[in-house]
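Me: I am new to this structure and would like a close look at its charged side chains. Please start with one of them, explain how it is placed, and then lead me on to the surroundings step by step.

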Amino acid sequence: MRKLTGALLASAIAATPVMADPVDDTLILNEEITLVTRTEAPEHVADVLGEIISGWHFRGTETRAMQADDFDNPGMIFVEQAEEVWNTAEGSEGKSCASCHGASEDMAGVRPVYPKWNEAAGEVRTLEMQINDCRENQMGADKWKYTGGDMVNMTALIASVSRGMPVNVAIDGPAQSTWEAGKELYYTRTGQLEMACSSCHEANYGNMIRADHLSQGHINGFPTYRLKNTKLNAVHARFKGCVRDTRAETFSPGSPEFVALELYVASRGNGLAVEGPSVRN
């Protein structure tokens, strides 16, 4: 059992039963596709993690089963809504997503490599940034709110067609400086509680904090349907909530800080299968 970092974390679990390990289970999607949910850590985090483990292993039996079947996964309702939007023309150009990209299934392989360096823009872009670029400059349509319903639904659709494919985010070349900035944020203690991302998801995964079982914090399952708020949740919305929970001033979704943090956190899960939309507490 990993030792909790700091007196505050220790007090948070003092009255709560502690689970020593993530459950031993296999995620088989729709009884057809076996997803990689545990694998050797990528080289750039091998000094702190020997194995990377999907958040799916840290959930209860019913929640795990819910994700394993598309008929039971409530996140798939939003995927179906996005499919309709995918094929609907919008904006001054009279184009739909399908006009340029074809069927949504043709986007298989996109989710695993985002965030990624965009040479033309000279920046690391998240999938949300790229979607809004397409809407504004190809469709002549209004941008979507970064963590709004339309956006999170569309990213869930794009993730869903890549389920089972390994996360493979590039962190070298021109993306390296953004990755380094994200790594610094990951390990920087902030807020009145003086906690970093690593305080929970690296030093204490497997332990209980309040009523929740701490995972390694991988984002291969995003967007995530949370039973807590009964909706799909975007990566940056979760980042914002985590930072807020340390009682620190948080960053805005889509900010350079959260883009960098997403690149770093995504890279920690290189090798895990894309699961989105996943189901979590």
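**Charged pairs and their surroundings**

Reply: Let's start with Glu51, which is partly exposed because its relative accessibility is 31%, a value that falls between the 20% limit for buried and the 50% limit for exposed. Please keep in mind that this is a predicted model. The partner of Glu51 is Arg38: the two form a salt bridge, and their closest N and O atoms are 3.1 Å apart. Arg38 belongs to strand β3 (residues 38–40) and Glu51 to strand β4 (residues 51–53), so this pair links distant parts of the chain, 13 residues apart. With a relative accessibility of 31%, Arg38 counts as partly exposed.

Why can such a pair form at all? Side chains of opposite charge can pair when their charged atoms come close. How many salt bridges does the whole structure hold? A search finds 10, and two further ones are worth a visit.

One of them brings together the side chains of Glu202 and Arg268, with 3.0 Å from N to O. Glu202 sits in the loop between α8 (197–201) and β7 (208–209), while Arg268 is part of helix α10 (residues 256–268), so the salt bridge ties together parts that are 66 residues apart in sequence. Are these two partners buried or exposed? Glu202 is buried, since its relative accessible area is 15%, and Arg268 is buried too, with a relative accessible area of 1%. Both values lie under the 20% limit that defines buried.

Elsewhere, salt bridges with shared partners connect Glu123, Arg125 and Asp133 into one network. Within that network, Arg125 and Glu123 meet side chain to side chain at 3.0 Å, N to O. Arg125 counts as buried because its relative accessibility is 12%, whereas Glu123, at 30% relative accessible area, is partly exposed.

Now let's return to Arg268 and look at the helix that carries this residue. Two packed helices are described by the angle between their axes and the distance between the axes. The axes of α10 and helix α7 (residues 176–187) come within 7 Å and cross at roughly 85 degrees. That angle falls in the range from 65 to 115 degrees, so α7 is roughly perpendicular to α10. On the α7 side, the contact is made by Thr178, Trp179, Ala181, Gly182, Lys183, Leu185, Tyr186 and Tyr187. On the α10 side are Glu257, Ala260, Leu261, Leu263, Tyr264, Val265, Ser267 and our earlier acquaintance Arg268. Sorted by class, the contact of α7 with α10 has 10 nonpolar, three polar and three charged residues.

A second helix pair is α5 (residues 127–139) with α6 (residues 149–160), whose axes come within 10 Å and cross at roughly 110 degrees. These two helices are therefore roughly perpendicular to each other. Leu127, Glu128, Ile131 and Asn132 make the contact from α5, and Met151, Met154, Thr155 and Ile158 make the contact from α6. The residues of this contact divide into five nonpolar, two polar and one charged.

Asn132 deserves a moment of its own. With a relative accessible area of 9%, Asn132 is buried. Which residues does Asn132 touch, leaving aside its neighbours within four places in sequence? They are Lys143, Trp144 and Met151, and Met151 is one of the α6 residues in the helix contact just described.

What about the cysteines? A search of the whole structure finds zero disulfides. For Cys97, the nearest cysteine sulfur is that of Cys134, 7.6 Å away, and Cys97 is in no disulfide. Because a disulfide needs two sulfur atoms within 2.5 Å, that distance rules the pair out. Cys97 counts as buried, at 15% relative accessibility. Cys200 is in no disulfide either, with the sulfur of Cys242 as the nearest, 7.6 Å away. At 13% relative accessibility, Cys200 counts as buried.

To finish, here is a charged residue in another setting. Glu194 is placed in the loop between α7 and α8, and its relative accessibility of 54% makes Glu194 exposed, because exposed begins over 50%. From Glu194 to Ala41 the C-alpha atoms are 27 Å apart in space, and the two residues are 153 residues apart in sequence.

Conventions:
Residues numbered from 1 in each chain as written. Predicted model: local features only at pLDDT ≥ 70, side-chain atom pairs only at ≥ 80, totals over all residues. Heavy atoms only, no water. Buried < 20%, exposed > 50% of the residue type's maximum accessible area, 1.4 Å probe, protein only. Salt bridge = Lys/Arg side-chain N within 4 Å of Asp/Glu carboxyl O. Helix = DSSP H or I, 4+ residues; strand = E, 2+ residues; numbered from the N terminus. Contact = heavy atoms within 4.5 Å. Axes fitted to C-alpha atoms, helices over the stretch in contact; angles between N-to-C directions. Parallel < 35°, antiparallel > 145°, perpendicular 65-115°, else oblique. Nonpolar A, V, L, I, M, F, W, Y, C, P; charged D, E, K, R; others polar.
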